[in-house]
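I opened this notebook to keep track of what I looked up, entry by entry, and I begin with charged contacts before moving on to strands and pockets.

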Amino acid sequence: MKKIIIVICILLSFCMKTTSNIDNYKDIKSKSNDIQVHEDYGYIHIKKINLNQKFVNNKNVDKNIIMLEGSSFPNENNSILILASHSGTSQFSYFNYLYKLNTGDQIQIIYENVIYNYKIIDIYKQKKDGSINLYKVRNAKTLVLITCTNNNKKYQSVYVSIQID
């Protein structure tokens with residue numbers, strides 16, 4: 001499968017990003033301008049790490065799993081849903097155990113009472129330098145999770161998944 005690159009500039013706040021903008025946005029139609037802002041969008045469920053938490057469309061990553069700008073919803077064709085949250089010791093470090101995930105592990109997104117199943121196809125780390133390269137699988141619905149790398153404040157981890165049904 002061919003991959004395309006989306007470069008997202010992210011302002012970092014200690015170990016996590018707080019806002020994002022899309023640069024070099026190729027072959028992906030963003031619906032971010034059409035999104036009506038309201039608090040709850042859906043839920044993420046990862047059985048392997050016992051995560052069942054809502055994700056929201058706001059800029060407060062300090063207490064939430066947030067949907068980053070440029071995301072589209074899983075019911076849209078060729079969608080890319082990009083979620084970010086903290087890792088660490090805070091009660092709001094929802095992505096603290098992502099490091100236990102491997103390629104092939106499954107993630108569920110519940111949106112508008114429909115369950116979307118995803119399988120992790122790639123996990124990689126990138127140095128925190130104010131931007132991040134994200135890879136989207138062409139012609140596939142993609143879910144990307146971003147958090148700080150476990151026990152490493154200089155890197156962030158990216159988990160790329162595709163919808164499997």
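Entry 1, the salt bridge. In this predicted model, I looked up aspartate 105 and found that it forms a salt bridge with lysine 48, with the closest N and O atoms 2.9 Å apart. I then placed the two partners: aspartate 105 lies in the loop between strand 6 (80–84) and strand 7 (106–111), and lysine 48 in the loop between strand 3 (40–46) and strand 4 (51–56), so the pair ties together parts that are 57 residues apart in sequence. The structure holds 1 salt bridge.

Entry 2, accessibility of the pair. I noted that aspartate 105 has a relative accessibility of 17% and therefore counts as buried, the cut-off being under 20%, whereas lysine 48, at 45%, is partly exposed.

Entry 3, strand 6. I checked both faces of strand 6 and found them covered, with Ile80, Ile82 and Ala84 buried on one side and Leu81 and Leu83 buried on the other. Looking at its neighbours, I saw that strand 5 (residues 65–67) runs antiparallel to strand 6 and is joined to it by 2 bridges, with methionine 67 opposite leucine 83. Strand 10 pairs with strand 6 in the parallel sense over 5 bridges, and here leucine 83 stands opposite leucine 145.

Entry 4, the largest pocket. I recorded a volume of about 160 Å³ for the largest pocket, and of its 11 lining residues the closest to the centre are Ser87, Gly88, Thr149, Asn150 and Asn151. Strand 10 (142–149) and strand 11 (152–163) each supply at least two residues of this lining, which by class comprises 2 nonpolar, 8 polar and 1 charged residues.

Terms used
Residues numbered from 1 in each chain as written. Predicted model: local features only at pLDDT ≥ 70, side-chain atom pairs only at ≥ 80, totals over all residues. Heavy atoms only, no water. 1 Å grid on protein atoms, 1.4 Å probe; cavity = no way out; pocket = protein on both sides within 12 Å on 5 of 7 lines; lining within 4 Å. Points joined across faces, edges and corners; volume = space filled by probe spheres on them. Helix = DSSP H or I, 4+ residues; strand = E, 2+ residues; numbered from the N terminus. Nonpolar A, V, L, I, M, F, W, Y, C, P; charged D, E, K, R; others polar. Salt bridge = Lys/Arg side-chain N within 4 Å of Asp/Glu carboxyl O. Buried < 20%, exposed > 50% of the residue type's maximum accessible area, 1.4 Å probe, protein only. Pairing = 2+ DSSP bridges.
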